[in-house]
Structure formats: C-alpha cells, structure tokens
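These notebook entries record what I looked up in the structure, element by element. The sequence and the model come first, and my notes follow.

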Amino acid sequence: MMKGNINVSVENIFPLIKKFLYSDHEIFLRELISNATDATLKLKHLANIGEAKVEYGNPKIEVKVDKDNNKLHIIDQGLGMTSEEVEKYINEVAFSGAEEFLDKYKDKVEDAGIIGHFGLGFYSAFMVADKVEIITKSYKDEPAAHWTCDGSPEFTLEAADKTERGTEIILHIAEDSTEFLEDSKISELLLKYNKFMPIPIKFGTKTETLPKPEDAKEDDPAPTQEVDNIINNPNPAWTKQPTELEDEDYKNFYRELYPMQFEEPLFNIHLNVDYPFNLTGILYFPKMTNDLNIQKDRIQLYQNQVFVTDNVEGIVPEFLTMLRGVIDSPDIPLNVSRSYLQADGAVKKISSYITRKVADKLKSLFNNNREDFEAKWDDIKIVIEYGMLSEEKFFEKADAFALYPTVDGNFYTYQELYDKIKANQTDKDDKLVILYASNKDEQHSYIEAAKTKGYEVLLLDSPIVSHLLQKLETTKENISFARVDADHIDNLIKKDDTKISKLSDEEKTTLDTLLKEVIPSEKFSVQLETMDSDAAPFMITQPEFMRRMKEMQATGGGMFGMGNMPEMYNLVVNTNHDLVGEILNTKTRKKQERLINQSLDLARLSQGLLRGEELTNFIKRSYEMIK
C-alpha cells in the first residue's frame, strides 16, 4: 500500500472547495456523472479505432444510495485507471490546477464556480463527503487500484480486487449533507442535470408489466418483471438530424422537456451548426400572450448533453428568452459564472447565430405557408416585435415576415402596406400617414370615420407597440403612425381641400369663450374645427405624441417623467354640426351648460372615460331629458 501527500502546498484546499467553488453543493453529482460519461465515451472511441482491445458492449452508469452506511456510489464501465494514472490524474494534475485557482480566485468569492477549468471536477465530491474512495480497474491488463482520502492532503493508494473494467466512486456523506442519502433527492438531481446524458444512467429498478400470454384467462394478472430504472434519454431529439425527425417527434420531445405544459408548441426551429462553432438544439415557439412579464428561463442550456442552466439571459438574445427548448454547445464552458459567459466571445457568436437562424426560419415559415403564419401571428407577434426593437440584425430581416394586421383581419408586410395606402394616405406635405387602432371596440367610431374616407386602419395592440412605431418612424423614410383617436380624421391626414365653416369668426370666438367657461381646462383643451356636418359634434382625442410617450414610459423607455403626468385630452368641436349651432344660439345659460355637459359626456362615453358617479349622473340626466 502507498501513502502520501497530495501535491499541493495550500493545506486548506478542501475547506475552500467546500465553501467557494460552487454556490450550490448539489452540483457534485453532475460533476461525477460527467466524469463517468467521459470515461465511457473515451473507451468507445479507443475501441472504435482499435487502440483498446476490449468489447465495448452496452455500458451504463449506476448510482446507488447506501443509507444505512451513509454512502453514495457512482459506478461506471468506462476506461478505468491504473495506479499510475490515479497518481497522475487525481493527485497531481487536479491540484497543480488547484493552486493556480487559489492564487487567482481565493479573494474573489463572486468569481468562484469555474472549477472545471482547473481539473477540479472530481474534488467537488468533498463538498458533501468527509471521505472519498476510488476503486478502479483499467481496460489495460493491469491490477485494480483503491484510492482513499479523508479531505486532508493525505491519501492512501493500494491494490484492489476489482475484476471488472471501470471506476467506482464511493462518497462517505458528511453529517451536514445527509439530504444526499435520500432516494428522492438523488432522483431529483439526476433528472435535473443528467436527463439527457449520452450514456444510460441506472438508479435502482422498477417493475415493468409484460404482455399476457395468449392462453391467459381474463382475470389472470399480467406478468411483471424487475428492470433497470434508466432515468435518462441518451438520444434526445436535438442530437439527431432534422431529416430523422417527424413533427410528432418534435412534439413528443417538447412534452419530455415540459411535462406540465399541456398546450402544443406552434412550431419549432432545429439548430445545427458545426462552423465556426459547434451548436445543436431545438427552440419552440409556445403560444404567447401580451404579458411582457411572462416567465422566462424556459430555454435549457447544455454542454455535451450535460445541463448547465435554464437562466439564459445574456447568452441567447433577450427577445428569445420567451421561447422554450434546448441549446447544446461544447463551446459553452460547463462551470462558469453567467457574467463570464456573457463576456465570452464564443457565446456572443452563438447569440448572433441563433438570432439569424430564428429570422431565417420565420421567413421560411411565412413563405411556405403564409395562411398558417397569419393564423399564428397573434401568438408570436410579441417575440417578433421585441426582436425588431432589441436586435438590429433581426429588425432588418423581419421586413420579410413581420405582419401589420388591419381591423378587418387582413395582413400586410410593410412593403405591401406601403404600396396599398401610399396614394390615398399621403398628406399635403407628402408624408405617408399610417393609421392604427389599439382596440376595435373602444375606438369603433374613429375607425369608422377613417374607413369612410377609404383609409386602411391597422390593429396594433401589443404592449410595446409605441416603441416599435417610434423605431419604424426613425428607420423608414417619410412616414408617421397615428392612432385613429389622436385627432379628427381630417387633421390626421391633412389634404389641401379646406372646408367652409357655417360660423363667422365672431361666432367662433363667442363659442370658444362659452365652452372654456363650462369645460374644465385642467382636463380638456378645446379645439374648434370645421368638419363635415354629419361628423360628431364633440369628439375627444388624445395627442399621439403625449399618449405614445406615456405608453413608452409605462413599458420602459420614453421621455423622463411622462408616465407621471395627468391624462390630457383635446375636445374637438365640429363648428358645422347643427347641435353646436344650437348651443351657440340657445338663449338661456342654463340650457347651454346642460347641452354642453351632455355632449361632452357622450364624447367621454365613446372613449370609455365616463365612470363611477359621473356615469350614474349622466344616465339619470339622460332619462330626465327623454321624459
């Protein structure tokens, strides 16, 4: 038997491992199973090239809990190690890296978590164990070895009587980590980190029901047998070529990823690139809502089928964090902090590739089945609009598939919309005015007024639409967007023709004075307009700029302080309407005020601004007038 000291001059390495290397001690199981997987896959490679003269077979990794003896076993059938290799890889290599780690990071706790870069993965076992054993036999024809260490720099290394190829790690679980002796906890960790590892992982057994024999009676119980409980799927969908998969395979994999998600995804994007970096994965577009606070962290990040994180902000473009699915890349370091990941050059390239790939897929879906794409638009628009706002490259590509729906249910790309409305909706200053509504019901009268003129009205109702319109106005040439209730329609798209007012300038001055005396100036700005005689006598509008800035403030961005400003509205008064003439010519002040207040309340009612006590009083007053 050999005794010795691990080649490390820093005597307190183990407390540091336990305290700083990982914020989450549960990660030890991922590390040890990753090592077992590597050992198995390396053996497969050596067997394939003829360097290892062994039968590879169908190896698996086994995890066993021995609660009575406070032990956890991880057993593989991989390469194994000779005594010399244990000495080299366990005692020397890891701890030469450990010293480098300590020199660099012992004063920077927040930067801890990069254990894998220094060969320390195996030593994560000491976060939960006060003694660790390795019993290992190499695929080479050499004796087995037994290494033991109790968490001090001292170790023992002796011969073992193990006869089967592979390595068994035995963790003597520490008193403060006994949760890792519970089957339920180990099962939870295996499913979290190792659900898609490429080598089958056995954790106990399960009872499997077999088909009944042909001669069995109806009341006879079906036969059963005990089989290995394999907790992982070694060949998940993203590791296959798209040509090998049908729609149903993608849907089944979605259910496997999100067993509690009952709605089917709308469509998927299969990622597969091997240059200038390696990346595979499948992203799913779930049904979206207009809620920008929907749960993110749905995309799972893997490195060679080992789970890394489901907090992918800064790794994938932000607008895609609303999607679901898997991204797997060996170029994403396994054990790094997210701040490191976000600054990593390879990760930035991956992020821009994913953006491009998603844009290309959306374009192809649009081109191949436009009708289906339009039907799904409401469920995906929030992601696309968010992408147009946040990623310049995506914005450029989105011109080919971003849709602008109308209140009548038609869909246009930007170019199609431009071509359709240019002749009719260009104002006297040669600017194209694109009209839109945010709510068909609330803005119905304004929409109808626009449609009477032959204008198209878009229906844009997502919470970030104000930001998007601002972006489009600064990017596209000589256009502006105006919500249909931002002003009277003739003011929204000003043409050269001017209407003649029925009122003289003197009558207008008298009317203006009267209205301003009755109507509260802190809420409404009175605006006399010469309009068609059949247009509404009183119309409430909210200036586009002010309303849009308030909306932008509410969803982040926009002009400082706008969100706290009181609501201000314009009251547009049609001087050509008979009712306005009657108000002006009524002899008694009391009747004038009643007509003004009733007309104002009708205008407020049409905008949904009449509520509570004011609405109750309006209804009472209306009944009195009917009587």
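**Entry 1. Strands S10 and S11**

I began with strand S10, residues 267-273, and asked how many of its residues are buried. Six of the seven are, and I noted the strand as mostly covered. I should record here that the model is a predicted one. The partner I looked up for S10 was strand S11, residues 279-285; the two run antiparallel and are joined by seven bridges. A hairpin of five residues leads from S10 to S11. At one of the bridges, I found Val273 paired with Leu279 in S11.

**Entry 2. The sheet of S18, S17 and S19**

I next turned to an open sheet of three strands, and read its order as S18-S17-S19 with parallel pairing. Which strands form the edges? They are S18 (457-459) and S19 (479-483), each of which pairs on one side only. Disregarding direction, I noted an average turn of 35° between neighbouring strands of this sheet.

I then followed strand S17, residues 432-437, to its neighbour S19: the two run parallel, with five bridges between them. Within this pairing, I located Leu432 opposite Ile479 of S19. Helix H12 (residues 465-475) packs on the sheet, where I found it touching S17 and S19. The direction of H12 makes about 155° with that of S19.

**Entry 3. Two residues with positive phi**

I looked for backbone angles that depart from the usual sign. Most residues other than glycine have a negative phi. I recorded two residues with a positive value.

Asn478 has a phi near 55°, although it is not a glycine. I placed Asn478 in the loop between H12 and S19. Is Asn478 buried or partly exposed? Its relative accessible area is 42%, so I entered Asn478 as partly exposed.

Gln305, likewise not a glycine, has a phi near 70°. I found Gln305 in the loop that runs between strand S12 (299-303) and strand S13 (306-309). The relative accessibility of Gln305 is 12%; buried means under 20%, so I entered this residue as buried.

**Entry 4. Helix H13: Asn491 and Leu492**

I examined two residues of helix H13, which spans residues 489-492. Asn491 lies in this helix, and so does Leu492.

For Asn491 I read a relative accessible area of 19%, and this residue is buried because the limit is under 20%. Its side chain forms a polar contact of 3.3 Å with the side chain of Asp487. When residues up to four places away in sequence are not counted, I found Asn491 touching Gln527 and Glu529.

Leu492 counts as buried too, at 12% relative accessibility. Which residues does Leu492 contact, apart from its neighbours within four places in sequence? I listed Val433, Leu435, Ala482, Arg483, Val484, Ala486 and Asp487. I also looked up the pair Leu492 and Gln425: 67 residues separate them in sequence, while their C-alpha atoms are 9.7 Å apart in space.

**Entry 5. Helix H14 and its two partners**

My last entry concerns helix packing. Two packed helices are described by the angle between their axes and the distance between the axes.

I took helix H14 (residues 505-518) with helix H17 (residues 589-606) and read an angle of about 75° and an axis distance of 10 Å. Angles of 65 to 115 degrees count as roughly perpendicular, so I described H14 and H17 in that way. On the H14 side, I found the contact made by Leu514, Leu515, Glu517 and Val518. On the H17 side, Arg589, Gln592, Glu593, Ile596 and Asn597 take part. By class, I divided the residues of this contact into four nonpolar, two polar and three charged.

I then paired H14 with helix H16 (residues 578-585), and read an angle of about 80° with axes 10 Å apart. H14 is therefore roughly perpendicular to H16. Which residues of H14 meet H16? I noted Glu507, Thr510, Leu511 and Leu514, which meet Val580, Ile583 and Leu584 in H16. The residues of this contact comprise five nonpolar, one polar and one charged. I marked Leu514 in both lists, as it takes part in the contact with H17 and in that with H16.

Definitions and conventions:
Residues are numbered from 1 along each chain as its sequence is written. Side-chain values use heavy atoms; hydrogens and water are left out. Axes are lines fitted to C-alpha atoms, for helices over the stretch in contact, and angles run from 0 to 180 degrees between N-to-C directions. Helices (H or I, at least four residues) and strands (E, at least two) are DSSP runs, numbered from the N terminus. Angles under 35 degrees count as roughly parallel, over 145 as roughly antiparallel, 65 to 115 as roughly perpendicular and the rest as oblique. Contact means heavy atoms within 4.5 Å. Ala, Val, Leu, Ile, Met, Phe, Trp, Tyr, Cys and Pro count as nonpolar, Asp, Glu, Lys and Arg as charged, and the others, Gly among them, as polar. Two strands pair if DSSP finds at least two bridges between them. Buried means under 20% relative accessible area, exposed over 50%, partly exposed in between (1.4 Å probe, protein chains only). A polar contact is a pair of N or O atoms within 3.5 Å; within protein, one must be able to donate a hydrogen and the other to accept it, and residues adjacent in sequence count only if both atoms are side-chain atoms.
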